[in-house]
Amino acid sequence: MFERLERMPDDPILGLMAAYRADPDARKVDLGVGVYRNDKGETPVLDAVRKAEAAVLARQTSKTYVAPVGNAGFNQSMEKLVFGEGHPAVQAGRVRTIQAPGGCGALRVGAELVHLAYPDATVHVSTPTWANHVPLLTGSGIKLERYAYYDAATGGVNFGAMMEGLEKLPKGAVVLLHGCCHNPTGADLSESQWRDVLALVQRRGLVPFIDMAYQGLGTGIAEDAFGARLFAAGLPEVLVAVSCSKNFGLYRERTGALSVISQTPASAEAILTQLVRIARTMYSMPPDHGAAIVQEILTNDTLRGLWVDEVGTMRNRIAGLRTEAVAQLARAAPQRDFSFIARQRGMFSYLGVTRDQVRELREKHHIYMTDDSRINIAGLKSDNIAYFADAVAQVVT
Ligand code: LMR
């Protein structure tokens with residue numbers, strides 16, 4: 001049976017982790033997979049997580065099943081975190097949330113729901129988008145197309161082209177939007193652009209699917225949720241997939257959630273039963289541990305305050321590295337403008353070098369980034385940022 005199966009190519013992002021680990025060179029720099037790192041290059045367990053974890057374990061008396069919907073308290077806390085206290089859609093009973101195995105699980109459950117509701121559905125993703133969006137969403141059976149998004153000339157959003165593309169979509173088309181910290185470009189919509197997209201989506205009857213994997217790492221916890229909150233209040237139907245991997249540092253615990261906003265409490269209830277069925281048929285129940293930790297943090301004022309501070313530290317470090325990277329690149333490669341890096345948000349930027357130059361950076365300088373020249377800004381450190389800038393200068397001149 002299995003003889004016919006061919007070897008798959010390495011994952012474009014995760015494949016780099018193995019290559020980096022195998023490189024013995026002391027100068028190596030990991031700008032590949034999107035994990036936060038401190039100035040020592042470590043991805044530590046957050047203090048709030050350690051404390052919450054101790055409390056959860058001390059209290060836990062059983063490992064029996066929770067439920068396909070996951071931890072109900074976590075789901076409620078995530079709704080508050082994502083939509084804010086007293087959001088009108090939540091108050092109107094139009095929102096249902098299911099815990100999922102990470103942001104990936106949330107995206108896939110959402111795609112399965114769309115496919116169930118409308119088997120001919122097409123999801124439209126930005127050009128470019130996170131590499132894993134493509135297999136993750138199309139694995140459900142829905143089709144995928146692309147709309148214009150990134151403007152390499154400015155390092156910002158080509159908003160005119162984006163709007164022109166969305167304007168042509170048929171009613172009911174699903175549009176995947178990055179809630180904040182666009183992966184892979186770091187180019188986000190401004191608040192006024194979110195409002196313009198909302199007006200278009202309302203007029204054209206589109207269904208937004210917002211992927212928010214970096215809440216708190218862009219501008220602020222509430223600020224980063226601006227688009228999700230605006231859309232949930234202004235539209236009859238929205239899907240929002242969120243991840244706790246980055247902002248809670250819970251990567252391996254696979255903690256995320258999917259919220260679905262629908263027109264009435266009755267349809268919201270029906271949707272929840274469908275979500276539960278989808279979960280049951282794919283993985284039965286999500287893993288509990290990470291969600292229990294997040295629930296503990298979000299419902300305990302002291303832990304929440306500690307977590308807010310820790311998210312702020314991560315966000316400020318990334319913003320500082322963006323400024324420093326621009327300064328170092330201006331020193332090393334003054335003929336080229338990298339100032340867009342400081343205008344972008346979140347972990348990622350496109351460096352804007354060719355595939356061959358990416359290879360040269362990897363092979364000659366031991367600097368790892370994905371083939372499309374996406375860099376994880378958080379992988380830079382005070383002791384490698386000048387080395388990085390000098391190496392980039394060598395390959396671009
Ligand atoms: C990334 O984009 O590097 C992260 O979201 C990790 C992943 O799963 O790809």
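Let us begin with Lys 246, where a polar side-chain atom lies 2.9 Å from an oxygen atom of the ligand. Please keep in mind throughout that this is a predicted model. Two further side chains deserve mention beside Lys 246. In Asn 183, an N or O atom of the side chain is 3.0 Å from a ligand oxygen. In Arg 374, the corresponding distance from a side-chain N or O atom to an oxygen atom of the ligand is 2.8 Å. How much of the ligand does the protein cover? On its own the ligand has 260 Å² of accessible area, and the protein covers 82% of that.

Which residues make up the surroundings of the ligand? They are Ile 13, Val 33, Gly 34, Trp 130, Asn 183, Tyr 214, Lys 246, Phe 348 and Arg 374. By character, this shell divides into 5 nonpolar, 2 polar and 2 charged residues.

I should like to stay with one member of that shell, Gly 34. Gly 34 sits in the loop between strand S1, residues 29-30, and helix H2. Is Gly 34 buried or exposed? Its relative accessibility is 4%, and therefore Gly 34 counts as buried, the cut-off being under 20%. Setting aside residues up to four places away in sequence, Gly 34 touches Lys 246, Tyr 251, Met 347, Phe 348, Arg 374 and Asn 376. Among these, Lys 246, Phe 348 and Arg 374 also belong to the residues around the ligand. For a sense of scale, Gly 34 and Gln 202 are 168 residues apart in sequence, and their C-alpha atoms are 33 Å apart in space.

We turn next to Ser 349. This residue is found in strand S11, which covers residues 348-350. Ser 349 has a relative accessible area of 0%, so it is buried. Its side chain forms a polar contact of 2.7 Å with the side chain of Arg 322. Beyond its neighbours within four places in sequence, Ser 349 is in contact with several residues, including Pro 184, Thr 185, Ile 341, Ser 373 and Arg 374. Arg 374 thus appears again, having already been named for its side chain at 2.8 Å from a ligand oxygen.

Strand S11 also brings us to the aromatic rings. A pair of aromatic rings is described by the distance of the centres and the angle of the planes. How many aromatic pairs are counted here? The count comes to 6. One of these joins Tyr 150 and Tyr 350, with 5.6 Å from centre to centre and 80° between the planes, an edge-to-face arrangement. Tyr 150 lies in strand S5, residues 150-151, and Tyr 350 in strand S11, so the pair ties together parts that are 200 residues apart in sequence. Both partners are buried: Tyr 150 has a relative accessible area of 15%, and Tyr 350 has 13%. A second example is the pair of Phe 338 and Phe 340, whose ring centres are 6.3 Å apart and whose planes stand at 40°, so this pair is tilted. Phe 338 and Phe 340 are both buried as well.

Let us now consider a helix. Helix H12, residues 289-298, is mostly covered, with 9 of its 10 residues buried. Among the buried residues are Gly 290, Ile 293, Gln 295, Glu 296 and Leu 298. Against which elements do the buried residues of H12 pack? They pack against helix H2 (47-59), helix H3 (72-83), strand S2 (95-101), strand S10 (255-261) and helix H13 (301-332).

Finally, some words on the backbone. Most residues other than glycine have a negative phi, and most peptide bonds are trans. Against that background, four places call for attention.

The peptide bond from Thr 127 to Pro 128 is cis, with omega near 0°. Pro 128 is found in the loop between strand S3 (122-127) and helix H6 (133-138). The bond from Asn 183 to Pro 184 is likewise cis, with omega near 25°. Pro 184 belongs to the loop between strand S7 (174-178) and helix H8 (191-204). Asn 183, as we heard at the outset, has a side-chain atom 3.0 Å from a ligand oxygen.

Arg 254 is not a glycine, yet has a positive phi of about 50°. Arg 254 is placed in the loop between strand S9 (238-243) and S10, and at 30% relative accessibility it counts as partly exposed. Ser 284, also a residue other than glycine, has a positive phi near 70°. Ser 284 is found in the loop between helix H11 (265-282) and H12.

Technical notes. Residues numbered from 1 in each chain as written. Heavy atoms only, no water. Near = heavy atom within 4 Å. Polar contact = N/O pair within 3.5 Å; in protein donor to acceptor, adjacent residues only side chain to side chain. Areas by Shrake-Rupley, 256 points an atom, 1.4 Å probe, with all protein chains shown as cover. Nonpolar A, V, L, I, M, F, W, Y, C, P; charged D, E, K, R; others polar. Helix = DSSP H or I, 4+ residues; strand = E, 2+ residues; numbered from the N terminus. Buried < 20%, exposed > 50% of the residue type's maximum accessible area, 1.4 Å probe, protein only. Contact = heavy atoms within 4.5 Å. Phe/Tyr/Trp six-rings, centres within 6.5 Å; stacked < 30°, edge-to-face > 60°.
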